[in-house]
Amino acid sequence: MSQRVEAGAAGHGAEPRGKRTEDGQATYLIAIAEGLWEEMERDERVFMLGEDIGVYGGAFKVTEGFLDRFGSQRVIDTPIAEESIVGMAIGSAMEGFRPIAEFQYADFMTSGFDEISTALARVHYRSGVPLPVVLRGPSGGMVRASSFHSINPEPWFSYAGGIKVICPAFPSDAKGLIKSAIRDDNPCMFLEHKWIYRRIREQVPEEPDFLVPISSAAVKREGDDVSIVTYGAMVHRALEAADALAKEDVSAEVVDLRTVYPFDEETVLGSIQKTSRALVLSESYRFVGIGAEVASTIAEKAFEHLDAPVVRLSPPNVPVPFSPTLEDAFLPSVDDIVGEVQKLSAW
Amino acid sequence: MATTRTREPAEGTSRARFPDDELKRILYLLKLCRYFDERIEALYRQGRLPGAIYSGRGQEGTHVGVVLPLRPDDSLFPTHRDLSAQITKGLDLKRVMAQFWGRIDGYTRGRDGNSHIGDWSGNRTWTVMSHLPIAYPVALGAAQAYRMRGDDKVAMAICGDGATSNGRWHEALNWSAIAKLPVVWVVNNNRYAYSTPNELEFPVPTIAERAAAYAMPGVRVDGSDVLEVEAAAREAVERARSGGGPSLIESVSLRWRGHAGHDPAKYVPKELLDDHMGQKDPVKNFEQRLLGEGVVDEDEVKEIQGRIEREFEEGYEYALASPFPEPADHAKGLWVEDGYWTSEPGRNGPTEYS
């Protein structure tokens, strides 16, 4: 018997972006589009550029309809030239614009790596010229998109210094954070997890000045026994694991970093003070991944509160594999999370 | 329609092109850039200058010539070898020297050194980065901004022959031509990418002819003749300013010194170097020309030279009197909101440090 699989394996396709439900619920995809739209309306210095974002509306349809509303001067379809897309964002920001550059997949940010890590990240420190640039793109796996359409590039660009790296997990956070990123005077990288785009839906604020601050984490579920510190799509796996653990009388707290660099140490350490046990869960690789930084911060700064070793749960540093059996084994699963939390709570 | 050609030297005297005062200013700039380059190298070899140096000697005709047609509000995106172009655009020699000595009054407040310099808020020059041609795509963005705002400003980017082998060079030319952006692409072809000669850098006879592939005009000009370079640049700048789109200028010279101060450049054939230093010296040739045409006399040349030497000494004294940055500030200025760049920096660092 064949199982139904999702159309458009990488999570995209020609389907329209869709609309809010009548009671005001919006997907992550819609919420991001609303945030972009509102900021384009609010500030005429904001413009967007990227591959296939205009006529086609973007590979994932985030920018569907933007060209009609804002015109080809503010919604620019570009050649496939990522270094130049970043360079164009830098140069126009130096001249007073607030560009938003879309990467069709976050994987292709590495095609612009030098302009991002050398130029974008280092202009302000060396010259004092602010670069209000947003680089955005779909990241992450869980959609059978394999090695070149599933990357979590946040560690590379966090290491660059000088770029704020934002990885929201919920529609409201995504909307509030994309708006904050556009209004921020520093370079921001906004990573949209493609698994979340059309799967997670919630009530999303409609006030035009609804913002979520950058570098602010949020406790998404309160608990007493173990803190699961995570971000992106793994937040949803952590919440599912916490539900399962509750049935076994293990109370897990889920902390969503929302911004991975610079991250909100205070909220993370506050949670550890309460639970005394930390599972650091990330979809970025284990070695030199975001989890490594969070875990070492906890070990350094909350040692006296810990009752157990800080544990990391992350994929190994290998390319994201395609076959469903391989990708599922590669990614931290709900069962993996439950298992690690149980071990921690036994300390 | 795109054209690629080698610019033929114009007929007539210098006076047919510029009034005497401007010709004297050009001579001053050429001689200043030469003197600065020589003195900085001497101080480097004496162990009195920290960091590295990237000599632009022999290429002053290119550097001064391309910048002359730019307005103060046009932007310039040069490389570490183009300090002379930055000086022509208006950098203050005192602050340049404070930068070379890592002092707080340098344009980067000691966050970078030598010709990794720029003054965006003042002279509209990019703070140079090493990964060439990293600023070519950035110039594209400045030009796009002028287009969006309806300004008649022009962006000019300079790189060397070496950087034309990099993908970004082609990306930037391609996109600028698609969008007809107001930008001038300059290649300072000094014949060597570090030790690699032109023959191993590109398979076509000239860089200028590559413009045809991007449907833009390309011109090859003799970099030893500052007025010829100026004329080619003026044509390209005016074309960009009037909506005619981008152009490519290849200005040919020779790098007289090594890639950086440590490099003796023994890979450059002696005859080639002798020929350029003897026949194609952009500074000496222009001086001889103005003397021959009676624009200046020997006394005026001496006066110009004296002024340059005084200015250098003043700059040197200024640099050494400027404090080093305060060590505790080393992590400041990363984010806009920490306020480092919008406030006066601390001046309590030492003036002696090694």
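Where in chain B is the place of B:Trp126? The legends below begin there, and every view shows a predicted model.

**View 1. B:Trp126 and its surroundings.** B:Trp126 is placed in the loop between α5 (120-123) and α6 (135-149) of chain B. The residue is buried, because 30 other C-beta atoms lie within 10 Å and 20 are enough to count as buried. Setting aside residues up to four places away in sequence, B:Trp126 touches B:Leu76, B:Phe77 and B:Pro78. The same list of contacts holds B:Gly118, B:Trp120, B:Ala135 and B:Val138. B:Lys153 is 27 residues away from B:Trp126 along the chain, and their C-alpha atoms are separated by 15 Å.

**View 2. The cis peptide bond before B:Pro133.** The loop between α5 and α6 of chain B also holds B:Pro133. B:Leu132 and B:Pro133 are joined by a cis peptide bond, with omega about 0°. Most residues other than glycine have a negative phi, and most peptide bonds are trans.

**View 3. Helix α6(B).** This helix has 15 residues, which should span 21 Å at 1.5 Å a residue. The end C-alpha atoms are 21 Å apart, in agreement with that value. Of the 15 residues, 12 are buried, so α6(B) is largely enclosed by the rest of the structure. Which residues of α6(B) are buried? They are B:Ala135, B:Tyr136, B:Pro137, B:Val138, B:Ala139, B:Leu140, B:Gly141, B:Ala142, B:Ala143, B:Gln144, B:Ala145 and B:Tyr146. From chain A, α3 and α4 pack against these buried residues. From chain B, the packing partners are β2 (75-77), β3 (155-160), α7 (167-178) and β4 (183-189). Just after α6(B) comes B:Gly150, with a positive phi of about 75°.

**View 4. Contact between chain A and chain B.** Here 31 residues of chain A are in contact with 30 residues of chain B. On the chain A side, α3 (82-94), α4 (113-120) and α5 (123-127) each supply at least two residues. Which element gives the most to that side? It is α3(A), with 10 residues. By class, the side of chain A that touches chain B has 12 nonpolar, 13 polar and 6 charged residues.

**View 5. The crossing of α2(B) and α8(B).** The axes of α2 (residues 60-67) and α8 (residues 226-241) of chain B come within 7 Å. They cross at roughly 40°, and the crossing is right-handed. From α2(B), the residues in the contact are B:Gly61, B:Thr62, B:Val64, B:Gly65 and B:Val66. They meet B:Val226, B:Val229, B:Glu230 and B:Ala233 in α8(B). This contact has 5 nonpolar, 3 polar and 1 charged residues.

**View 6. Helix α8(B) and its cover.** The 16 residues of α8(B) reach 22 Å from the first C-alpha to the last, close to the 22 Å expected at 1.5 Å a residue. Its buried residues include B:Val226, B:Leu227, B:Glu228, B:Val229 and B:Glu230. Also among them are B:Ala236, B:Val237 and B:Ala240. The cover over the buried residues includes α1 (20-45), α2, β4, β7 (218-222), β8 (247-252) and α10 (282-292) of chain B. B:Gly243 follows α8(B) and has a positive phi, near 90°.

**View 7. The two domains of chain A.** The domain assignment gives domain 1 (25-203) and domain 2 (218-345). Their centres, taken over C-alpha atoms, are separated by 26 Å. In the contact, 24 residues of domain 1 of chain A meet 22 residues of domain 2 of chain A. On the domain 1 side, α6 (154-159), β6 (164-166) and α7 (171-183) of chain A each supply at least two residues. That side divides into 12 nonpolar, 8 polar and 4 charged residues.

**View 8. Backbone details in loops of both chains.** In chain A, the peptide bond from A:Tyr261 to A:Pro262 is cis, with omega near -10°. A:Pro262 is found in the loop between β12 (259-261) and α9 (265-275) of chain A. A:Val288 is not a glycine, yet has a positive phi of about 60°. A:Val288 lies in the loop between β13 (278-281) and α10 (290-301) of chain A. It counts as partly exposed, with 14 C-beta neighbours inside 10 Å. In chain B, B:Ala215 is likewise not a glycine and has a positive phi of about 55°. The place of B:Ala215 is in the loop between β6 (196-197) and β7 of chain B. With 15 C-beta neighbours inside 10 Å, B:Ala215 counts as partly exposed.

Definitions and conventions:
Residues are numbered from 1 along each chain as its sequence is written. Chains are lettered from A and ligands numbered from 1 in the order in which they are written. This is a predicted model: local features need pLDDT of at least 70, side-chain atom pairs count only at pLDDT 80 or more; totals for chains, interfaces and linings use all residues. Helices (H or I, at least four residues) and strands (E, at least two) are DSSP runs, numbered from the N terminus. Two residues are in contact if their C-beta atoms, placed from the backbone, lie within 7 Å. Ala, Val, Leu, Ile, Met, Phe, Trp, Tyr, Cys and Pro count as nonpolar, Asp, Glu, Lys and Arg as charged, and the others, Gly among them, as polar. Domain bounds come from an automatic or database domain assignment. The expected span of a helix is 1.5 Å times one less than its number of residues. Axes are lines fitted to C-alpha atoms, for helices over the stretch in contact, and angles run from 0 to 180 degrees between N-to-C directions. A crossing is left-handed if the near helix is turned anticlockwise from the far one by less than a right angle, and right-handed if clockwise.
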